[in-house]
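Ready for a few short exercises in reading a protein model? Have a look at the chain below, then work through the tasks at your own pace.

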Amino acid sequence: MILAAYVFFGIILYYVFKGKEEEGLYMKEICINCGEEVDKSSLHCPNCNEQLKKECSNCGKIIDISWRSCPFCDSNQLSNQKE
Ligand SMILES: [Zn+2]
Ligand SMILES: [Zn+2]
């Protein structure tokens, strides 16, 4: 009886994790400018060339253009904007 329960939960966990894995493979972002689906790792929209990601001015990691601080090194991104 207990063994059957373990097997049952094992199967559920398998499908939960499998589902999450597949979700991660197809993670897309919507371009803020033209609404086109863009790969999450893309720095620019391939359709309109809008910049979607930037490099952190402190650690160089790729972060979202709208983020105010870097989640990797916690540096403020607003004070370093030079365009
Ligand atoms: Zn676009
Ligand atoms: Zn950083």
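The exercises below go from the whole chain to single residues.

This is a predicted model, in which local features need pLDDT of at least 70, side-chain atom pairs count only at pLDDT 80 or more, and totals for chains, interfaces and linings use all residues. Residues are numbered from 1 along each chain as its sequence is written, while chains are lettered from A and ligands numbered from 1 in the order in which they are written.

**Exercise 1. Describe the secondary structure and the burial of the chain.**

Step one: list the elements, taking helices (H or I, at least four residues) and strands (E, at least two) as DSSP runs numbered from the N terminus. The chain has 1 helix and 4 strands, and their pattern along the sequence reads α-β-β-β-β.

Step two: turn to burial, where a residue is buried if 20 or more other C-beta atoms, placed from the backbone, lie within 10 Å of its own, exposed if 12 or fewer, and partly exposed in between. Of the 83 residues, 5% count as buried.

Step three: check the contacts, meaning pairs whose C-beta atoms, placed from the backbone, lie within 7 Å. Among contacts between residues at least 6 apart in sequence, 0% join residues at least 24 apart.

**Exercise 2. Locate glutamate 36 and find its partners.**

Step one: glutamate 36 sits in the loop between β1 (28-30) and β2. Glutamate 36 counts as partly exposed because it has 14 C-beta neighbours inside 10 Å.

Step two: set aside neighbours within four places in sequence, and glutamate 36 is in contact with Cys31, Cys45 and Asn47.

Step three: look at cysteine 48, which is 12 residues from glutamate 36 along the chain; their C-alpha atoms are separated by 8.6 Å.

**Exercise 3. Examine two residues with positive phi.**

Step one: recall that most residues other than glycine have a negative phi.

Step two: asparagine 49, in the loop between β2 (37-39) and β3 (53-55), has a phi near 70°. Asparagine 49 is exposed, since 11 other C-beta atoms lie within 10 Å.

Step three: aspartate 74, in the segment after β4 (62-64), also has a positive phi, near 70°. Aspartate 74 counts as exposed because it has 10 C-beta neighbours inside 10 Å.

**Exercise 4. Place proline 71 relative to lysine 61.**

Step one: proline 71 lies in the segment after β4. With 10 C-beta neighbours inside 10 Å, proline 71 is exposed.

Step two: proline 71 and lysine 61 are 10 residues apart along the chain, and 9.4 Å separates their C-alpha atoms.

How values were computed. Contact = placed C-beta atoms within 7 Å.
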